[in-house]
Amino acid sequence: MDRVIIFDTTLRDGEQAAGGTLNIQEKLEIARQLEKLNVDVIEAGFPISSPGDFEAVRLIAKEIRAPIICALARALPQDVDRAWEAVKEAEHPRIHVFLSASDIHRLYQLKKSREEILQTSREMVTRAKKYTDDVEFSPMDASRTEPEYIYQIVEAVIDAGATTVNIPDTVGYAIPDEFGGLIEGIYHHVSNINRAVISVHCHNDLGLAVANSLESIRRGARQVECTINGIGERAGNASLEEIVMAIKTRKDFFNLSTGINTKQIYRTSRLVSELTGFSVQPNKAIVGANAFSHESGIHQDGVIKMPITYEIMDPRTVGIPASSLVMGKLSGRHAFKERLAELGYGLSEEDLSRAFAAFKELADKKREVTDRDIESLIAEEQRTVSEVYHLDRLQVSCGDRGIPTAAVRLIAPDGQVLADAALGTGPVDAVCKAINRLVGVPNVLTEFSIKSVTEGIDAIGEVLIRIESEGITYTGRGADTDIIVASAKAYTNALNRLLAAKR
Ligand code: KIV
Ligand code: ZN
């Protein structure tokens, strides 16, 4: 097999990143984009973990037809049954069962013997197999487990019917040569290995997740589990875009391929960043803002003469538009629609009309509207679609002698117009207090950050706010040329997400 199966776990392991919670609509939107990216498998969630997760997996399974839709389950009967309930309407359903294998997890967490682990693994794969032919099994913390015991587990679960066996480096402890050796060892020591695909799932605690994944496929693994932008628990998971582009760019070395439509990579990265609230660092490989920009004169000279001198990939292959076209208030609806298509957006006529109206409003305030402005504007429009409370009016007064004061008007879910005012230590504090008086949900603001979308004094400001309520973090974002309005939008957005989750 010279094709590597790309298993995307952005919606499951990626969403486990602290503060990255997504609501059901956002998960669906990401799943639609993952289908356009042409991933082979979407791990849509962990259905037993919450009713919201169950519903998200169920809806994704119903709507997204091309990829395999996978649901995660602990090795417990109720987990396996719930996973099946969530994915049973999928065109291609998969159940993914996991159970810890390492002595560290067995002795300190599970308090189970090796024999018990083997037995439960077999039983739960058999249970999943009654529902679907496509069953994956993961011996958790495999990289800290004695290889001989891993071979035993792999053999047992394949006998029980597992069609994919995933080897996780759960805590990001492995070193490429050693991890690759484990994969090679599985091929040499597991007699029924030709009946299953070997997969790898690497975490990035030592910054080696991509290196470990690539070494594993070099040594025989044919499924890689990864996330967009490498988001995930702690330091994250292996980054999908880095693995895919390494395989593509170094085909001479790997002699392998994937089914990924690489032109959708940039759009997918932007969407995941917008919806999770996790910015992409500028120097991030493949999708960072500086990944294809050349600063030194010698490099610029080379790239002008022949891009291959300093560019190992053509930015267009990952969907970065060839040029950043500047639009303005004279640009018409048709040109706007064309630009959106080039940026990878396919909006309905209704959404296009709303986006175009917002674009015209922005073009009146800002002389030049760039691609980044358009992306920010579309994200802002999308945030307003599933609002509970809508920010209608805002008025703030502040200054070095004044008392910061905010007056806010919100439209409530029943259409009622609510207004109130508050004083604060600064304008943002006053805005948040006024909104709190109207919404009345206890919460603590844990993070506030602001950045400008482009250069220039007239730039759009993007605000990210995280709030905490009952131990759960909710992220809100807002964008506006007025940063206090952007802050009010971000705070309302965070509260809306909190309220939607509570409902
Ligand atoms: O990191 C891990 O071990 C996991 C498993 C559930 C596959 O995420
Ligand atoms: Zn993981």
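**View 1. Composition of the shell around ligand 1.** The shell around ligand 1 comprises three nonpolar, six polar and two charged residues. Here Ala, Val, Leu, Ile, Met, Phe, Trp, Tyr, Cys and Pro count as nonpolar, Asp, Glu, Lys and Arg as charged, and the others, Gly among them, as polar. The model is predicted: local features need pLDDT of at least 70 and side-chain atom pairs pLDDT 80 or more, whereas totals for chains, interfaces and linings use all residues. Residues are numbered from 1 along each chain as its sequence is written, chains are lettered from A and ligands numbered from 1 in the order written, and side-chain values use heavy atoms, without hydrogens and water.

**View 2. Residues around ligand 1.** Arg12, Asp13, His96, Phe98, Ser138, Met140, Asn166, Pro168, Thr170, His201 and His203 surround ligand 1, each with a heavy atom within 4 Å of the ligand.

**View 3. Polar contacts of ligand 1 (N or O atom pairs within 3.5 Å).** The side chain of Arg12 places an N or O atom 2.9 Å from an oxygen atom of ligand 1. For Asp13, a polar side-chain atom is 3.1 Å from a ligand 1 oxygen atom. The side chain of His201 likewise has an N or O atom 3.1 Å from an oxygen atom of ligand 1.

**View 4. The zinc ion (ligand 2).** Its protein donors are Asp13 (OD), His201 (NE2) and His203 (NE2), at 2.0 to 2.1 Å; donors are N, O and S atoms within 2.8 Å of the metal (3.2 Å for Na, K and Ca), and sites may look incomplete because water is not among the atoms. Along the chain, the donor spacing is D-x187-H-x1-H.

Conventions. Polar contact = N/O pair within 3.5 Å; in protein donor to acceptor, adjacent residues only side chain to side chain.
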